[in-house]
Amino acid sequence: MFKAIVNKLNPLQLSCSFHTTACLNEVRLLTRLRVVDNSEIGKRAMSEGKPPRVICVYNKQRVGYIGDRVLVAIKGQKKKGILVGLKQTQKVKVPKFDSNNVVLIDDNGTPLGNRIHVPIPTILRTILKERTHAKGADYTKLLAIATKFV
Amino acid sequence: MSLAIRRTTELIGAAKWFLRRDSRVLSTLPEKVEEPPAELTSKRYRRRFFQNEAILETRHAYPEFLPDPNPNWRNSLREKLERADMLERRSQIDIPEFYVGSVLAVTISDPHAQSKTNRFVGICIERKGCGLRAEFTLRNVVDHQGLEVRYDLYDPTIQSIQVLRLEKRLDDKLFYLRDALPEYSTFSFDMDPEILPEGTPIPVNPVQVKLKPRPWLERWERQELKGVSNIEEHLKEKDRVRRELRKTPWEKYDLMKQYRKTIPIEDQSKIWAEVHNQLQQLQMARKKSARKRTFTTPKTQLG
């Protein structure tokens, strides 16, 4: 109501065409990510200043949460990756990162690089173990190349 | 005759004496004989006043004991039960006094971690919530990656909270550290706790951080921050004009707004009277145990 009154009084100066709430920082279609492993393609993409974009998030909500699998467009190729750190507000005790981090994997869940150079949330250990099924992709290989857990 | 005269003079004298006594008693001027009781009362008042002040000082150290000032969310019974639970938790684990800007180390039991415990060190950038829902946020930069972890203050999985550096900053919230250069929020995990001598006031760190160039996460220039040094460098004329337009200098005179944001002193003194004694006892017990720990004899090594 207050907004309506303000708009009536002063329609030009205080029009509410912009939103002033904080953004959600969600990982969804066409979000730019940061590759944090040392795979050749990832390193090259980051150094050239062309970080990968999300072209699919493999879950029902189509919004990527921690540990979700995403398909990214990187250097003209399609690669799969796992989200290992999000900017979005997290639950209590789960770290919130300053950037949206991704680790590139292939279809079997084997990471393309052999070292992750940023800390990884410990909750990922449980999440990835849950996602891994016998005879399916093994995502826990990602945990083996992590250098530090927080 | 002479006897009668003497008696009357005596009577008059006695009457005069009585009168003088009465007048002295009734007068407001202090008499020499009555000084000690007056001093005593004033001392008592002073003591009570100081006690009250000391009790009210605890509102800075333990802000979560005060309920949310929003009247829709007030419930005196719930608040009372929550306070009892908080004291119960505080008797189990040492929750130290800390402020926004202090550097903390928090150890939690983490079922996801390999060692089943997880320790995080960082600067407290925010404290919010009241009652059992009180929470704080720690920020650190590890391997050039900014990290923030939010903890519930009364979380049962917290094993210990250690204050590594007890100090305040110039602002109430340090969200601008997200846009500042990383060295301002970098703290090593093996930092040694700095011990302040007893009885010193909490130091205020006057450090002013440097912001990275824009884009920023928030419009820091509109928030009247004291802890940022180079905010003007990154502004354009347009931003300065808009900042001027957006200023609300009348808000500090808005008594109702202030009233709605705070708990009145009568309510506060009731709450503090309820919990102050137990908090004091907990603090004393903690000090005693700390002293004991420092004076333990070193174990003799065999062989």
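**Exercise 1.** Which residues are linked with Asp98(A) in a network of salt bridges?

*Solution.* The structure is a predicted model, and the steps below should be read with that in mind. In this model Asp98(A) is linked with Arg139(B), Glu148(B) and Arg178(B) in a network of salt bridges. As general background, side chains of opposite charge can pair when their charged atoms come close. A search of the whole structure finds 26 salt bridges over all chains.

**Exercise 2.** Work out which parts of chain A are tied together by the salt bridge between Lys80(A) and Asp107(A).

*Solution.* Begin with the contact itself, in which the closest N and O atoms of Lys80(A) and Asp107(A) are 3.3 Å apart. Next, place the two partners: Lys80(A) belongs to strand β4 (residues 77–85) of chain A, while Asp107(A) sits in the loop between β6 (101–105) and α3 (123–131) of chain A, so the pair ties together parts that are 27 residues apart in sequence. Finally, consider the surroundings of Asp107(A), which counts as exposed at 59% relative accessibility.

**Exercise 3.** Find how the salt bridge of Glu274(B) and Arg83(B) is placed in chain B, and decide whether each partner is buried or partly exposed.

*Solution.* The closest N and O atoms of Glu274(B) and Arg83(B) are 3.2 Å apart. Glu274(B) lies in helix α6 (residues 265–294) and Arg83(B) in helix α3 (residues 76–92), both of chain B, so this pair ties together parts that are 191 residues apart in sequence. As for accessibility, Glu274(B) is partly exposed at 31%, whereas Arg83(B), with a relative accessible area of 7%, is buried.

**Exercise 4.** Explain why Cys130(B) has no disulfide partner.

*Solution.* A disulfide requires a pair of cysteine sulfur atoms within 2.5 Å. The cysteine sulfur closest to that of Cys130(B) belongs to Cys124(B) and is 16 Å away, which is too far for a bond. Cys130(B) is also buried, at 14% relative accessibility, whereas Cys23(A) is exposed, with a relative accessible area of 54%. Over all chains, the count of disulfides comes to zero.

**Exercise 5.** Identify the residues that form a positive surface patch together with Arg242(B), and describe the place of Arg242(B).

*Solution.* The patch joins Arg242(B) with Arg219(B), Lys236(B), Lys238(B) and Arg246(B). Within chain B, Arg242(B) is found in helix α4 (residues 237–246). A patch residue needs over 30% relative accessible area, and Arg242(B), which is partly exposed, has 44%.

Terms used. Residues numbered from 1 in each chain as written. Chains lettered and ligands numbered in written order. Predicted model: local features only at pLDDT ≥ 70, side-chain atom pairs only at ≥ 80, totals over all residues. Heavy atoms only, no water. Patch = residues over 30% accessible without salt bridge, like charges linked within 9 Å, V, L, I, M, F, W, Y side chains within 5 Å. Areas by Shrake-Rupley, 256 points an atom, 1.4 Å probe, with all protein chains shown as cover. Salt bridge = Lys/Arg side-chain N within 4 Å of Asp/Glu carboxyl O. Lys, Arg positive; Asp, Glu negative; His and termini not counted. Charge placed at Lys NZ, Arg CZ, Asp CG, Glu CD. Helix = DSSP H or I, 4+ residues; strand = E, 2+ residues; numbered from the N terminus. Buried < 20%, exposed > 50% of the residue type's maximum accessible area, 1.4 Å probe, protein only.
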